[in-house]
Amino acid sequence: MMNNLIRTLMVQTPTVPGNLGRVATAIGNVGGDIGEVETVKVGHNYTMRSITVQVESEDQLEELLEAVRSLEGITLHTVSDEVLHAHEGGKIQMKSKMKIESIADLRRVYTPGVANVCRAIQEQPDKAKIYTSIGNTVAIVTDGTAILGLGNIGPVAGMPVMEGKAALFDQLANVNAIPILLNVNEPKEIIQTVKNISPGFGGILLEDIGSPHCFEIEERLKEELDIPVMHDDQHGTAVVTLAAAISACRSTGVNLKEAKVGQIGLGAAGIATCRMFMAYGVKQVIGADKSPEANERLVSYGGKVADSLEELMENCDIVIATTGVPGLIRKEWIRKGQIILALSNPKPEIEPEDALEAGAIYATDGRSVNNVLGFPGIFRGVLNAGVRDITHTMLVAAAEAIANSTRPGDLVPHPLNLKERLLYTERKTAFIDNKQGCLEIGSLVCFLSKIIRK
């Protein structure tokens, strides 16, 4: 599996038009991807710029640096890893919401005043959601067995991902999130550990737990806990994928519910995506995976299994791929008029340009399909309502809300555009009825603004 490297180059160029273009061309010729370009200093006859580049390997990075160094009149001063620097000391912290500046403050916040609050909760346990942070706190639980595209690297090495999730919970949905790293891999141990710590949380987000044991862990915890549980690699991914498919179908005039949908790769994300499409109302969902167990799981949920990738490609109107295998889909397999969502990162199963050239009516990769559009808002809603379960009905409504907040021509909204987020909070709302009540969803980042119990 290839893993992207990001580096920041400090480059000095003569103040003559065209020199920045020479640098960009040199980077592009070796396959580097340019991110931010910032002018740091303008001298009498030179310009200093900070240029962020992304490459796929150390070898490619060395080739890129040599290409820049070889440019006449251009100086490469430094190469730094700003990503590592940004993570120094971690990305999250626990802070008090109240100032403690006097004895009176201390007596209110701690002893002796806190005893009255403890007694109130002892008499009425539900008051813990009012008088403590429990009702607005989520545990992000991982065993480190499926960290991003890195695989089983262990829970400690996965901590930066968990901190990132916690930061997004805080900034996008005002939810407290605490990483929980488990140094166990057996489902029974994970389940029991999460049950033991669950009294301190209003919800559980399972993160980067490998397949197939992730299925058992989530199902058991949903059955045995009285707080909402969601595996983000399954349902968070599936929500945003469904939203992307809805947007793609709207752009192309395809009726999603009447289309044949093919899912290549039936791991955690693939199986959940199939279930999400079926919950949305898609009548024919066909999957393909090398694992007989994964294929059997799809059939148990009501899907069908293709005999081969070629068969799936030939029969399906919409094809979604989440295999992590670059170049898996061949151009000659593309059928005219298909929608192709090849979502593996950093390299898709087929490049969008190749799919379009082969006849696809719509094609994209996974760079814009990000779980951040879903999980913060989903938990904001269920915590507000105090509901026990996160249902497929809720998740489908979340996907529709994301799609309804997407500008024409885009696949999904940008999650960090504050202006658009506020606009759609006011104007875009979806309602559904279910056994627990009325689910109201609004905004660009899929803030589930309210769940009102009947």
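In the predicted model, Ile339 of strand β13 stands opposite Tyr362 in β14. The pairing of β13 with strand β14 (residues 362-364) is parallel and extends over three bridges. Strand β13 is also joined to strand β12 (residues 318-321), again in the parallel sense, by four bridges. Within this second pairing, Ile339 is the bridge partner of Ile318. Ile339 thus appears in the pairing with Ile318 as well as opposite Tyr362.

Strand β13 itself spans residues 339-342, and both of its faces are covered. Ile339 and Leu341 lie on one side and Ile340 and Ala342 on the other, and all of these residues are buried. In a regular strand, side chains alternate between the two faces of the sheet.

An open sheet of four strands was found with the order β2-β3-β1-β4 and antiparallel pairing. Strands β2 (33-42) and β4 (75-80) occupy the edges; each has a single partner strand, so one side of each is left without a neighbour in the sheet. From one strand to the next, the twist averages 20 degrees. The antiparallel pairing of β2 with strand β3 (residues 46-55) comprises seven bridges, and Val37 has Ile51 of β3 as its bridge partner. Helix α2 (residues 58-69) lies across β1 (5-14), β3 and β4, and runs at about 5 degrees to β1.

A nonpolar patch on the surface is formed by Ile100, Ile103, Leu106 and Tyr110, which together present about 430 Å² of accessible area. Of these residues, Leu106 is located in helix α4 (residues 103-109). Leu106 has a relative accessible area of 36% and is therefore classed as partly exposed, because that category lies between the limits of 20% and 50%.

Asp143, by contrast, is buried, with a relative accessibility of 1%. Asp143 is situated in the loop between β5 (137-142) and α7 (159-173). The assignment as buried follows because the limit for this class is under 20% relative accessible area. When neighbours within four places in sequence are left aside, the contacts of Asp143 comprise Gly154, Pro155, Leu182, Val184, Asn185, Ile190, Asp208, Ile209, Gly210 and His213. The C-alpha atom of Asp143 is also separated by 8.7 Å from that of Ile180, a residue 37 positions away along the chain.

Technical notes: Residues are numbered from 1 along each chain as its sequence is written. This is a predicted model: local features need pLDDT of at least 70, side-chain atom pairs count only at pLDDT 80 or more; totals for chains, interfaces and linings use all residues. Side-chain values use heavy atoms; hydrogens and water are left out. Patches are made of residues with over 30% relative accessible area and no salt bridge: like charges are joined within 9 Å, nonpolar side chains (Val, Leu, Ile, Met, Phe, Trp, Tyr) within 5 Å. Accessible areas come from the Shrake-Rupley method with a 1.4 Å probe; for residues, only the protein chains shown count as cover. A salt bridge is a side-chain nitrogen of Lys or Arg within 4 Å of a carboxyl oxygen of Asp or Glu. Helices (H or I, at least four residues) and strands (E, at least two) are DSSP runs, numbered from the N terminus. Buried means under 20% relative accessible area, exposed over 50%, partly exposed in between (1.4 Å probe, protein chains only). Two strands pair if DSSP finds at least two bridges between them. Axes are lines fitted to C-alpha atoms, for helices over the stretch in contact, and angles run from 0 to 180 degrees between N-to-C directions. Contact means heavy atoms within 4.5 Å.
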